[in-house]
Amino acid sequence: MDNTGYTPEEPIAAIATALAPSALGIVRASGRGCIALLAKIFSRPKALLEAGGNTIVYGWIVDGGERIDEVLVSVFKAPKSFTGEEMAEISCHGGVSVVTAVYSLLLRSGFRQAERGEFTFRAYINGKTDLTKAEAVREIIDSKTDASRSHAAGRLAGNLYGTIDSVKKLIVETIADIEVEIEYPEDEENIADSFDDTKLRRAEKALSDLASSWKSEKIYQDGARVVLCGKTNAGKSSLFNSLLKEDRAIVSDIEGTTRDFIESWIDFDGIPARLFDTAGLRETEDVIEARGVEITKDLSDEADLVLYLVDSTVGLTGEDSAFINAHGEKNSSVPLILVLTKSDSESSSKKSTKSANSTNSVSENPAQNLLVENSVSISSKTGEGIAELCSLVKAALSKSAETDRNQTGLGSERQKVSVEEALESVRHALSLTKDFALDAVVQDLEDSLDALGAVTGEITPDDILGSIFSRFCVGK
């Protein structure tokens, strides 16, 4: 969104609910004089104009002599509104035609169509929210699990802003201590003799924790990539369907049935993930299937977790071991879980053994030196072992992004970059305490404050603001 392309107080309107048949629909408006404009198309104009803030007025939206819909209008007066401006929200019946008619009438009556995220942008520029809370609004809308929603809700409630603010206070107090030494020097020749760096080290620790939190928060926001791979007929599509609890993938005994990958969102006990069902790994002269095999290898290289499936009625082969070990050597940071499928088959017990703990491995000889930490036996047909597999998946994904669930976390890559810049400046300031003058340290600390100001939006270029709010939906 180009935030220079509109006048902030100009009356705007947008449909704030999904444009689909429902019980209710909401059309929201904001801007100077928006209630007076709305009164012109309202059946009870005097009641609407005299309504106090945070009240609701009943009436009809009318177009000349024609009644459009029976509505409730929620009235908000500046500055006690979401945007900090005069606002109104029209609750009408939720039919697509009704909502569209009300919205179109507003546009013909002096309102402008709102840009993406413009309501939240106005809240930001009017001091009703900071950037961390504004971005949290989008996170909540985009959240895919209860856990990701909960994390975003914490930032919306102000826990990230509070943490940033407390760090800024530590840095400001440190600068004040140094300024006293600059104004009233004694016999000290350098900063090491002039102030206690305890507050600065506390700030460093807090910033370090914040910077490291992004790895975990990114998984909750963007979702992990979990890839099912293995030889043909290993049971990948069956497991895919079993985990999703629906028949999404075609299941067949014919080798090479799956030639391309399919994917779907899944919730592993609060961790959102994109689950990929891929083409079976084998040598083939079929050009299309061969391309699918290459895509499978590429996906496994880019995954956050690989589930490698082995048909327990066949047993682990040299090709299986070769792929698993090559993956471990090439992608040591990407965990792999060995999944022994078809455990309900009578012959499966002769080909594999299941350990009593989570670090078991197949006992036969291609697997003697297998680079696998976890394995599990399952049956997609009976559901045996599926719960244990899901537990292993969650543990592996959580381990790859360990963090204290109670600590404040960052909400975007933009925030991470700014916090890392602040951390670098604080660390550089600490490194100067032995050999440099006070002024050099103050400059570093002021740079760190500028970086933290970018996180909350106190100092943020227009192009960054445009990038943030352009990702919002219209009406938010």
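**Asking why of a predicted model**

Author: Let's start with Ile-324, which sits in helix α11 (residues 318–330). Keep in mind that this is a predicted model.

Reader: Why does Ile-324 count as buried?

Author: Its relative accessibility is 0%. Buried means under 20%, so Ile-324 qualifies. As for its place in the fold, Ile-324 and Gly-230 have C-alpha atoms 9.5 Å apart in space, while 94 residues separate the two in sequence.

Reader: Moving to helix α6, which residues are buried there?

Author: In α6 (residues 146–156) the buried ones are Ala-147, Ser-148, His-151, Ala-152, Gly-154 and Arg-155.

Reader: What makes the buried residues of α6 line one face of the helix?

Author: Look down the axis of α6: the buried residues fall within an arc of 150°, so they line one face. Right after α6 comes Gly-158, and its phi is positive, near 105°.

Reader: Arg-155 caught my eye. What makes Arg-155 and Glu-139 a salt bridge?

Author: Their closest N and O atoms are 2.7 Å apart. The cut-off is a Lys or Arg side-chain nitrogen within 4 Å of an Asp or Glu carboxyl oxygen, so this pair passes. The pair links distant parts of the chain, with Arg-155 in helix α6 and Glu-139 in helix α5 (residues 131–142), 16 residues apart. Arg-155 and Glu-139 are both buried.

Reader: And how do you know that Arg-155 and Glu-217 meet in a salt bridge?

Author: By the distance again: 3.2 Å from N to O, and since the limit is within 4 Å, the pair counts. This one also links distant parts of the chain, from Arg-155 in helix α6 to Glu-217 in helix α8 (residues 198–222), 62 residues apart. Both Arg-155 and Glu-217 are buried.

Reader: What makes the pair of Lys-342 and Asp-311 tie parts together?

Author: Lys-342 lies in the loop between β11 (336–341) and β12 (374–377) and Asp-311 in strand β10 (residues 305–311), so the pair ties together parts 31 residues apart in sequence. The side chains meet in a salt bridge, 3.0 Å from N to O.

Reader: Buried or exposed: how do you class Asp-311?

Author: Buried: its relative accessibility is 12%, and the class takes anything under 20%. Lys-342, at 32%, is partly exposed, as that value falls between 20% and 50%. Lys-342 also has a positive phi of about 60°, although it is not a glycine.

Reader: Which residues do salt bridges that share partners join into one network?

Author: Glu-10, Glu-85, Arg-112, Glu-118 and Arg-122. Across the model the count comes to 25 salt bridges.

Reader: Why does Asn-233 count as partly exposed?

Author: At 26% relative accessibility, Asn-233 falls between the 20% and 50% limits, so partly exposed is the right label. Asn-233 isn't a glycine, yet has a positive phi of about 65°. It lies in the loop between β7 (224–230) and α9 (236–244).

Reader: What kind of peptide bond joins Ala-78 and Pro-79?

Author: A cis one, with omega about 0°. Pro-79 is placed in the loop between β4 (66–76) and β5 (87–93).

Reader: On to the surface. Which residues make the nonpolar surface patch of about 290 Å²?

Author: Ile-56, Tyr-58 and Leu-72. Of these, Ile-56 lies in strand β3 (residues 55–63).

Reader: Why is Ile-56 called exposed?

Author: Its relative accessible area is 57%. Exposed means over 50%, so Ile-56 is in that class.

Reader: Which residues gather in the patch of negative charge?

Author: Glu-179, Asp-439, Glu-446, Asp-447 and Asp-450 gather there on the surface. Helix α14 (residues 438–456) gives the largest share, four residues.

Reader: How do you know that Asp-450 is partly exposed?

Author: The relative accessible area of Asp-450 is 41%. That lies between 20% and 50%, so partly exposed fits. Patch residues need over 30%, so Asp-450 clears that limit as well.

Notes. Residues numbered from 1 in each chain as written. Predicted model: local features only at pLDDT ≥ 70, side-chain atom pairs only at ≥ 80, totals over all residues. Heavy atoms only, no water. Patch = residues over 30% accessible without salt bridge, like charges linked within 9 Å, V, L, I, M, F, W, Y side chains within 5 Å. Areas by Shrake-Rupley, 256 points an atom, 1.4 Å probe, with all protein chains shown as cover. Lys, Arg positive; Asp, Glu negative; His and termini not counted. Charge placed at Lys NZ, Arg CZ, Asp CG, Glu CD. Helix = DSSP H or I, 4+ residues; strand = E, 2+ residues; numbered from the N terminus. Buried < 20%, exposed > 50% of the residue type's maximum accessible area, 1.4 Å probe, protein only. Arc of directions from axis to C-beta.
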